[in-house]
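This report describes side-chain contacts and surface features, taking charged pairs before aromatic rings and the nonpolar surface.

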Amino acid sequence: MLLIVGSLIVLVSVGGGYVLSHGYLPMLWQPFEMIIICGAALGGFIISNNKHTLVEVFKSIPGLLTGSGFNQAFYLDLLSLQYDLFTKIRKEGVIAIEEDIEEPDQSPIFTGYPAVTKHDELVVFLCDYMRLISTGNMQAHELESLMDAELETLQHELEEPAHAVTSVADALPGFGIVAAVLGITITMRDIAAPPEVLGLHIAAALVGTFLGILLSYGFVGPMGIAMKNEAHEKIKAFECIKASLIANMNGLAPQMSVEFGRKMLFTSVRPSFNELEEHVRSR
């Protein structure tokens, strides 16, 4: 939603200011300039990225429209899910959760938190490390080092789409200049035309530079930054799981273990201690 709101503000501000300055708005509609700029940018984007990154970029766009979903309600469920698992371990032993982590889609604990289970990568991360903990052959510091290494790799992977989009944004002003230069060559071909005709050709060429800069700094660049912020929000969910698991592995009670995870969250989405406690009890 914020993507749409921000885009409308950019369009209204630029277009409105141009019209109020007695500009002729239809003059900015240059479809052939758009084909040159956007087509060249798309081609460069495809050349410079692998198939995985291309797919991830297009998969990230709906999230920019609807939001990442990593809000306070989500984290209440994530922490409560871990609390339920830790409580079961404390009461029945670590072997008791074997069926839950082997088949989370059929586990009464996991299926009680659909907001969490729709993020497959989070469920896999949690189950993998719960499985390692259940073997009993790793120390807490060894598990933490392994988690840190995986999170570093995961962060790099999650930020790849943002880097790819940012690279396109950096290139767009250059492609705008390409479109402008091509427009000037057309103008030079008709150099003997009347001044009013030459003026239209030059104006159309300059629109290419304008479009390249506007697309870069008004739309594509901010989208890249938004994707990077979304990646940071997603990594924070993994860090929340990590902190809770390590605390529980060190022998802390379930309530204290999830408190470690709660403290890892950004303040904008972090539930209070009482909110988490009430949510856990209500479940």
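Arginine 262 and glutamate 259 are both buried in this predicted model, and the two side chains form a salt bridge in which the closest N and O atoms are 2.6 Å apart. Both residues belong to helix H11 (residues 254-263), and because they are three residues apart there, about one helical turn separates them.

This pair belongs to a wider topic, since a search of the whole structure finds nine salt bridges. Side chains of opposite charge can pair when their charged atoms come close. Three of the bridges are set out below with their closest distances.

| Salt bridge | Closest N and O atoms |
|---|---|
| Aspartate 100 with lysine 88 | 2.8 Å |
| Glutamate 121 with lysine 234 | 2.7 Å |
| Arginine 262 with glutamate 259 | 2.6 Å |

Aspartate 100 forms a salt bridge with lysine 88, and this pair links distant parts of the chain, with aspartate 100 in helix H5 (residues 98-102) and lysine 88 in helix H4 (residues 72-92), twelve residues apart. Is aspartate 100 buried or exposed? With a relative accessible area of 4%, aspartate 100 is buried, because buried means under 20%. Lysine 88, by contrast, has a relative accessible area of 22% and is partly exposed.

Glutamate 121 and lysine 234 form another of the salt bridges, with the closest N and O atoms 2.7 Å apart. Glutamate 121 lies in helix H8 (residues 120-135) while lysine 234 lies in helix H10 (residues 195-249), so this pair ties together parts that are 113 residues apart in sequence. Glutamate 121 counts as partly exposed at 31% relative accessibility, and lysine 234 is likewise partly exposed, with a relative accessible area of 21%. Elsewhere, salt bridges link Glu102, Asp128 and Arg131 in a network.

Turning to the aromatic rings, the structure holds six aromatic pairs. One of them joins phenylalanine 70 and tyrosine 75 in a tilted arrangement, with 6.5 Å from centre to centre and 35° between the planes. Phenylalanine 70 counts as buried at 7% relative accessibility, and tyrosine 75 counts as buried at 2%. How are the rings of phenylalanine 125 and phenylalanine 238 arranged? Their centres are 5.1 Å apart and their planes stand at 90°, so the pair is edge-to-face. Phenylalanine 125 lies in helix H8 and phenylalanine 238 in helix H10, so this pair ties together parts that are 113 residues apart in sequence, and both phenylalanine 125 and phenylalanine 238 are buried.

Helices H8 and H10 are therefore tied together by the salt bridge between glutamate 121 and lysine 234 and also by the ring pair of phenylalanine 125 and phenylalanine 238. Ring pairs also link Phe70, Phe74 and Tyr75 into a cluster. A contact between a charge and a ring is found as well, with lysine 236 lying over the face of phenylalanine 266 at 4.9 Å from the ring centre.

On the surface, Met1, Ile4, Val5, Leu8, Ile9, Leu11 and Leu65 make a nonpolar patch of about 650 Å². Helix H1 (residues 2-20) contributes the largest share of this patch, namely five residues. Valine 5, one of the patch residues, lies in helix H1 and counts as partly exposed at 40% relative accessibility.

Note on methods. Residues are numbered from 1 along each chain as its sequence is written. This is a predicted model: local features need pLDDT of at least 70, side-chain atom pairs count only at pLDDT 80 or more; totals for chains, interfaces and linings use all residues. Side-chain values use heavy atoms; hydrogens and water are left out. A salt bridge is a side-chain nitrogen of Lys or Arg within 4 Å of a carboxyl oxygen of Asp or Glu. Helices (H or I, at least four residues) and strands (E, at least two) are DSSP runs, numbered from the N terminus. Buried means under 20% relative accessible area, exposed over 50%, partly exposed in between (1.4 Å probe, protein chains only). Rings of Phe, Tyr and Trp (its six-membered ring) pair if their centres lie within 6.5 Å; planes under 30 degrees apart count as stacked, over 60 as edge-to-face and the rest as tilted. A charge sits over a ring if NZ of Lys or CZ of Arg is within 6 Å of the ring centre and within 35 degrees of the ring normal. Patches are made of residues with over 30% relative accessible area and no salt bridge: like charges are joined within 9 Å, nonpolar side chains (Val, Leu, Ile, Met, Phe, Trp, Tyr) within 5 Å. Accessible areas come from the Shrake-Rupley method with a 1.4 Å probe; for residues, only the protein chains shown count as cover.
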